[in-house]
Amino acid sequence: DTICGNDILIGNSASASNNHLEAFDRLRKFDTDNRKILVPLSYGDPKYADYVEEIGVRTFGNDFIPLRKFLSLNEYIQQIKTCGIVIMNHYRQQALGNVLTMIYMGARVFLNESNTIFQFLTRIGVTVFSIEKDLNTDNREALVNLPGHYIEKNRILLRNFMSEENIIQNLKEGLKDFNS
């Protein structure tokens, strides 16, 4: 599957660690051109989900789409593949599966710089973007889908890093360090 739209995905659950309101505050400064803003809220704290939904609707109106029902993986992928822009505002490592999936599918992914996933991905050369530095109205490319050459480079880097051979080699290196 590849990205087939320019909607916006924010967060991965109804947990305060997604820092939804901070992400909404940054995003509301943009003209989102009537794009849908999808926010997964199907698992986590239902009261927090209600609160996020209320603020989301108040901020973005009918463009705000809370995903409140549990979906099969295939249904979930079908929903989120319309999102060319992804904002995962976690301060700590979280939503790794969602982040890697969206990068591989070709999304422009914004992560919080304090998140170790951001640090790791930038270290191995994957093109991801900083919420703090890149998600602002001065950046004309902020809400533009990622160009194809970046998508292909990201896919190659992820395939290489995630290959069985590399995983085994990294485990061996880790065990060598552990045994010394």
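**Exercise 1. Is Arg58 buried or exposed, going by its relative accessible area?**

Solution. Keep in mind that this is a predicted model.
- Step 1: find the residue. Arg58 sits in helix α2.
- Step 2: look up its relative accessible area, which is 59%.
- Step 3: compare that with the cut-off. Exposed means over 50%, so Arg58, at 59%, counts as exposed.
- Step 4: check what its side chain does. The side chains of Arg58 and Glu54 are joined by a polar contact of 2.7 Å.

**Exercise 2. Work out how β2 and β3 are arranged, and how the chain gets from one to the other.**

Solution.
- Step 1: take the two strands, β2 (residues 37–40) and β3 (residues 64–67). They run parallel, and four bridges join them.
- Step 2: pick out a facing pair. Opposite Ile37 you'll find Phe64 in β3.
- Step 3: follow the chain. After β2 it passes through helix α2 (residues 46–60) and then reaches β3, making a right-handed β-α-β crossover.

**Exercise 3. Map out the largest nonpolar core.**

Solution.
- Step 1: get its size. This core has 26 residues, and Ile10, Leu27 and Ile87 have the most contacts inside it.
- Step 2: see who contributes. At least two residues come from each of β1, α1, β2, α2 and β4 (83–88). Helix α2 gives the largest share, with five residues.
- Step 3: zoom in on Leu27. Skipping its neighbours within four places in sequence, Leu27 is in contact with Ile8, Ile10, Thr32, Ile37, Phe60, Ile87 and Leu143.
- Step 4: look beyond this core. Another one, of 25 residues, lies apart from it and includes Leu67, Ala95, Leu100 and Val128.
- Step 5: put it in context. Nonpolar side chains tend to be buried together in soluble globular proteins.

**Exercise 4. Which residues of helix α3 (residues 73–80) are buried, and what do they pack against?**

Solution.
- Step 1: list them. They are Tyr76, Ile77 and Ile80.
- Step 2: check where they point. These residues span an arc of only 100° around the axis, so they are on the same side of α3.
- Step 3: recall a helper rule. An α-helix has 3.6 residues a turn, so residues three or four places apart point the same way.
- Step 4: name the partners. The buried residues of α3 pack against β1, β2, β3, β4 and α4 (96–105).

**Exercise 5. Describe the surroundings of Ser17.**

Solution.
- Step 1: place it. Ser17 is in the loop between β1 (7–10) and α1 (20–27).
- Step 2: find its side-chain partner. A polar contact of 2.8 Å links the side chains of Ser17 and Ser15.
- Step 3: go further along the sequence. Leaving out residues up to four places away, Ser17 touches Asn89, His90, Tyr91, Arg92 and Gln94.

How values were computed:
Residues numbered from 1 in each chain as written. Predicted model: local features only at pLDDT ≥ 70, side-chain atom pairs only at ≥ 80, totals over all residues. Heavy atoms only, no water. Polar contact = N/O pair within 3.5 Å; in protein donor to acceptor, adjacent residues only side chain to side chain. Contact = heavy atoms within 4.5 Å. Pairing = 2+ DSSP bridges. Right-handed = clockwise from strand over helix to strand, strands pointing away. Core = buried A, V, L, I, M, F, W, Y, C linked by side-chain atoms within 4.5 Å. Buried < 20%, exposed > 50% of the residue type's maximum accessible area, 1.4 Å probe, protein only. Arc of directions from axis to C-beta.
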